[in-house]
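Ready for some practice in reading a protein model? Work through each exercise with the structure open beside you, and try it yourself before reading the solution.

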Amino acid sequence: MKTVLCYGDSNTYGYIPETSMRYPREIRYPGVLQRLLGDEYAVIEEGCNGRTTIYGESNEEWKNGLDYLKPCLNSHKPIDIVVMMLGSNDLKTFFDLTAEKIAYGAGVLVDTIQEFMPVKQGYVPKILLIAPPEIGENIRFSPFYGEFDENSITESRRFPECYRALAQEKGCLYLNAAEYITPSDYDSLHLTPEGHRILAEKVAEMVRGI
């Protein structure tokens, strides 16, 4: 059996745009991924609302993805595949980050996986780096407007070029989520059930090829 760790933010967690609650496991993309892959795989969900790459908020520093990464990897080893989709929360206005700086943060996480896991389990898991979907055009009507703005949209559209270059540099597999899915019209950030399903299908295709 192969272990697949899905490491991400609220879209890995399964945040429901309209209610702020959580989709059932059978709707969340890691749960759909488990069904598609079958019993030969164990899919582990590690999604946290608000999680960033390496940039922490002063009042919620624990949401930065680097601090939790090593404990997470050590808890779930041996791990064969890490599916990582992070960067959307780094687009918050108070971080004032470019797509390049956000991709740099994702690269620090990739480096951590590649350096830490040989020590802990004797080999490096395959890493599937996902460029997050774009921030929706109607962000100004979103409950999250202010935290995110029109510049967040602009930088999110630059994720594919930055993440693709990062994946090539680090030897990761790469998927551009924006080719296949868009966020909910309600908040311009979080996925619909259909988005979760499509994302899971694309991830499953890539995982089966590893």
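## Exercise 1: A helix and its end

**Task.** Compare the span of helix H4 with its expected span, then look at what follows the helix.

**Solution.** Begin with the length: H4 covers residues 99-121, which makes 23 residues. Next, go from its first C-alpha to its last, and you get 32 Å. The expected span at 1.5 Å a residue is 33 Å, so the helix comes close to it. Bear in mind that this is a predicted model. Finally, step just past H4 to Gly122, where phi is positive at about 90°.

## Exercise 2: Building the sheet

**Task.** In what order do the five strands of the open sheet lie, and which are the edge strands?

**Solution.** Start with the order: the strands run E2-E1-E3-E4-E5, and their pairing is parallel. Now look for strands that pair on one side only: these are E2 (41-47) and E5 (173-176), the edge strands. On average, neighbouring strands are turned by 15° against each other, direction ignored.

Then zoom in on one pair. Strand E4 (residues 126-131) and E5 run parallel and are joined by four bridges. For a residue to find on screen, take Leu128, whose bridge partner in E5 is Leu173. As background, strands of a sheet pair through backbone hydrogen bonds.

## Exercise 3: Helices across the strands

**Task.** Which strands does helix H3 lie across, and which does helix H7 lie across?

**Solution.** Take H3 (residues 65-76) to begin with: it lies across E1 (2-8), E2 and E3 (81-85). Its direction is at about 165° to E1. Turn next to H7 (residues 193-208), which lies across E1, E2, E3, E4 and E5. H7 runs at about 160° to E5.

## Exercise 4: Two loops

**Task.** Where are Pro78 and Ser20 found?

**Solution.** Pro78 sits in the loop between H3 and E3. Check its link to Lys77: the peptide bond is cis, with omega about 0°. Ser20 belongs to the loop between helix H1 (10-13) and helix H2 (29-37). Its phi is near 65°, a positive value in a residue other than glycine.

## Exercise 5: Pockets

**Task.** What volume does the largest pocket have, and what lines it?

**Solution.** The space in the largest pocket is about 280 Å³. Of its 23 lining residues, Ser10, Gly50, Asn89, Phe148 and His190 are closest to the centre. Sorted by type, the lining has nine nonpolar, eight polar and six charged residues.

Repeat the steps for the second largest pocket, with a volume of about 180 Å³. It has 13 lining residues, and those nearest its centre are Ile135, Gly136, Glu137, Thr182 and Pro183.

Key. Residues numbered from 1 in each chain as written. Predicted model: local features only at pLDDT ≥ 70, side-chain atom pairs only at ≥ 80, totals over all residues. Heavy atoms only, no water. Pairing = 2+ DSSP bridges. Axes fitted to C-alpha atoms, helices over the stretch in contact; angles between N-to-C directions. Contact = heavy atoms within 4.5 Å. 1 Å grid on protein atoms, 1.4 Å probe; cavity = no way out; pocket = protein on both sides within 12 Å on 5 of 7 lines; lining within 4 Å. Points joined across faces, edges and corners; volume = space filled by probe spheres on them. Nonpolar A, V, L, I, M, F, W, Y, C, P; charged D, E, K, R; others polar.
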